[in-house]
Amino acid sequence: MVLHNPLTTRPRVQAVPVVPATSRLRGVDVGALRMDADGFWGRRQAVNAAATLAHCLEWMERLGWLANFDRVARSEALEERTGWVFSDSEVYKLLEAMAWELGRQPDEALEVTFSALVDRVAHAQDADGYLGTAFGHRGQAPRYSDLSMGHELYNMGHLLQAAVARARAGHPDDALVEVARRAADHICREFGADARDGVCGHAEIEVALAEAGRAFGERRYLEQARVFLARRGHGTLPVPPLQSAEYFQDDVPVRDASVLRGHAVRALYLSAGAVDIAVDTGDTDLLAALERQWENTVARRTYLTGGMGSRHQDEGFGDDWELPADRAYCETCAGVASIMFAWRLFLHTGDVRYPDLIERTLFNVVATSPSPDGRAFFYANPLHQREAGEPAADGVNPRAEGGVRAPWFEVSCCPTNVARTLASLAAYTVALDDDGIVLLQYAAGELHAGGWRLRLETRYPDEDRVRISIDDVPAEGARLRLRIPSWADAASVAIGDAPARPAAPGWYDIVDVSPGAVVTLTLPRSPRLVFPDGRIDGVRGTAAVQRGPLVLCLESVDLPHGVALESVRLVPRAPEAEADGARASAVIVEQTPSGDPLPFGGQPDAGIVTRSATVTLVPYHRWAQRGPSRMRVFVPLAPPPGDAH
């Protein structure tokens, strides 16, 4: 459907990332909310467009990842190919980010860059539609000779997602779309129900084929995604040493699982694709299983930040309640994939819990990864950094968990995942249904969607108030629905000059909204202590501080001179607000060695001296921005007066 977008000068199709065949709610265009440049997310979108996209392109050029495509196009031997076997996917994720950015706001220079990059990719495609630079060419192993770890289908899945973005952003006949369709046709021939019986070790092709089927009007792509999903979980993938079928989600069929397990990004990509398949095929049993898995995973295997993945080994989920703070992996890509999964479940169910988790993940994982200049990133997101990291050199960082944001990694999946998420972010802030509009995430800007024209004024999450001015509505009786976050137990809503009314967490509906109305949503953000479930061994006896949607952290640079991070004990009373962080009462514990040769054996009170103090906590998403530091989110609690230490 071609619409006129008042924010541009040309007609365009709706650039919506996820478009189910049927759903309770509908997403909006990536340009529907034009965010203010000085707002929390508007700043990050601007930096993403101005710096991050070029930064990613420069690194891929520098390391030869783009040259791999040129060499395939020239039929050169590639025994010495640069990059991991999945480096092609970073090029495709960058193309997707560029496509969404161009859909959000046209840019002539970026259009030229995009087209030149597509041209290099297109020239590397084989005659039968196969596209990859690590297998099947001179000096390389045969195609699909390593389905467990070769990532060929994973790579082409990201190619399809880039093409979906380009098609939905107004270019259905683009060269990238043609390349992707040829690749998808090749996959259907090679892996159809009566062809090669295999799946990819890294799920991604499932969600890509499902959305490509929708975008390109090809039902057989959805069917191929369904075939891949049905094959997984039967132990068919060869298992490399030190790994397991669970790592690939090949141990249990998706519909029979009760919780997410194995490699976190693989599990979440697979789950997102499974929702697409279940919705478009009407598979209610599969949908119910996915909702159950999401609920159990969030309840038992998800960090306070929304991060997922508690094991560095396999970058995976741990067991229930296995959520150590200092060894939290919480890969940035897993945060992005979690949003993909939750968003699809939300469109199907309308359950407020899904955008609640999306908000938590956006502010405390996605926003944490990039540096303010958009040229350095966190890969892993621990909740406790015992030692300050070494300053990142201007080179490839071989470690994913160094405690500092690095400009690039040997496995640089996170920078491009952040880039495509920020470019398409507006699409996850609002939804439409048959009765009206639903505001899900609060960001300052102009909103044009489904016949609605709104102005949102706010400095959220750094202030309590969101002012919504209604300029136009699609029809009489239209309903405005507001999400009241789960943490906002003292929220209120005022319409015009009328007294504010309490608004409990969940949905707050305003019916018969008229042009000219002004709605003020107040979300008091008083800092509060958050206590972990007692079954989480790694943080028992501690507390975290949260303010609004922001998780706060204690950072070594904010401690008094000579006070060690591990010496701080929080007094269990409500913290006080300070700027965008908090000040909390604490006790500083000074302990002399017990004399035992092991760090055990002392008496509870022996050699302990305490003194009162006040400590400052800052938003977790800002940690290590002032240089390498030590940090913790969960701080041990001081014992009540008179109790043993």
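# Exercises on a predicted model

Proline 407 sits in the loop between strand E6 (396-397) and E7; helices (H or I, at least four residues) and strands (E, at least two) are DSSP runs, numbered from the N terminus. The model is a predicted one, in which local features need pLDDT of at least 70 and side-chain atom pairs count only at pLDDT 80 or more, while totals for chains, interfaces and linings use all residues. Residues are numbered from 1 along each chain as its sequence is written, and side-chain values use heavy atoms, with hydrogens and water left out.

## Exercise 1: a proline in a loop

Task: Find out whether proline 407 is buried or exposed, and which residues it is in contact with beyond its neighbours within four places in sequence.

Solution.
- Step 1. Buried means under 20% relative accessible area, exposed over 50%, and partly exposed in between (1.4 Å probe, protein chains only).
- Step 2. Proline 407 has 10% relative accessibility, so it counts as buried.
- Step 3. Contact means heavy atoms within 4.5 Å. With neighbours within four places in sequence left aside, proline 407 is in contact with His55, Trp59, Arg375, Ala376, Phe377, Ala392, Ala393, Asp394 and Gly395.

## Exercise 2: looking for disulfides

Task: How many disulfides does the structure hold, and why is cysteine 413 not bonded to cysteine 333?

Solution.
- Step 1. A disulfide is a pair of cysteine sulfur atoms within 2.5 Å.
- Step 2. The structure holds zero disulfides. Cysteine 56, for one, is in none, and the nearest cysteine sulfur, that of cysteine 414, is 11 Å away.
- Step 3. For cysteine 413, the closest cysteine sulfur is in cysteine 333, and there is no bond because the distance of 3.5 Å is too far for one.
- Step 4. Both residues can also be placed by accessibility: cysteine 56 is buried at 0%, and cysteine 413 is buried at 8%.

## Exercise 3: an enclosed helix

Task: Explain why helix H2 (residues 65-73) is described as largely enclosed by the rest of the structure, and state which elements its buried residues pack against.

Solution.
- Step 1. Seven of the nine residues of H2 are buried, so the helix is largely enclosed by the rest of the structure.
- Step 2. The buried residues are Trp65, Leu66, Asn68, Phe69, Asp70, Arg71 and Val72.
- Step 3. They pack against helix H1 (40-62), H3, helix H4 (108-122) and strand E7 (408-409).
- Step 4. Now look just past the helix. Serine 75 follows H2 and lies in the loop between H2 and H3. Its phi is near 60°, a positive value in a residue other than glycine. With a relative accessible area of 48%, serine 75 is partly exposed.

## Exercise 4: the nonpolar cores

Task: Which residues have the most contacts inside the largest nonpolar core?

Solution.
- Step 1. A nonpolar core is a set of buried Ala, Val, Leu, Ile, Met, Phe, Trp, Tyr and Cys residues joined through side-chain atoms within 4.5 Å.
- Step 2. The largest core has 191 residues, and Trp41, Leu439, Leu447, Leu480 and Leu482 have the most contacts inside it.
- Step 3. Another core lies apart from it, with 22 residues, including Ala325, Ala328, Leu383 and Tyr620.

## Exercise 5: two residues in helices

Task: Which residues do isoleucine 339 and threonine 421 touch, leaving aside those up to four places away in sequence?

Solution.
- Step 1. Isoleucine 339 is found in helix H11 and is buried, at 4% relative accessibility.
- Step 2. Isoleucine 339 is in contact with Ile358, Thr361, Leu362, Val366 and Tyr428, its neighbours within four places in sequence not being counted.
- Step 3. Threonine 421 is found in helix H13 and is buried, at 8% relative accessibility.
- Step 4. Beyond residues up to four places away in sequence, threonine 421 touches Val336 and Val366.

## Exercise 6: two backbone details

Task: Which loops hold proline 461 and glutamine 249?

Solution.
- Step 1. Proline 461 lies in the loop between strand E11 (452-458) and strand E12 (465-472). The peptide bond leading to it from tyrosine 460 is cis, with omega near 10°.
- Step 2. Glutamine 249 is in the loop between helix H8 (219-231) and helix H9 (264-281). Phi of glutamine 249 is positive, near 55°, and the residue is buried, with a relative accessible area of 2%.
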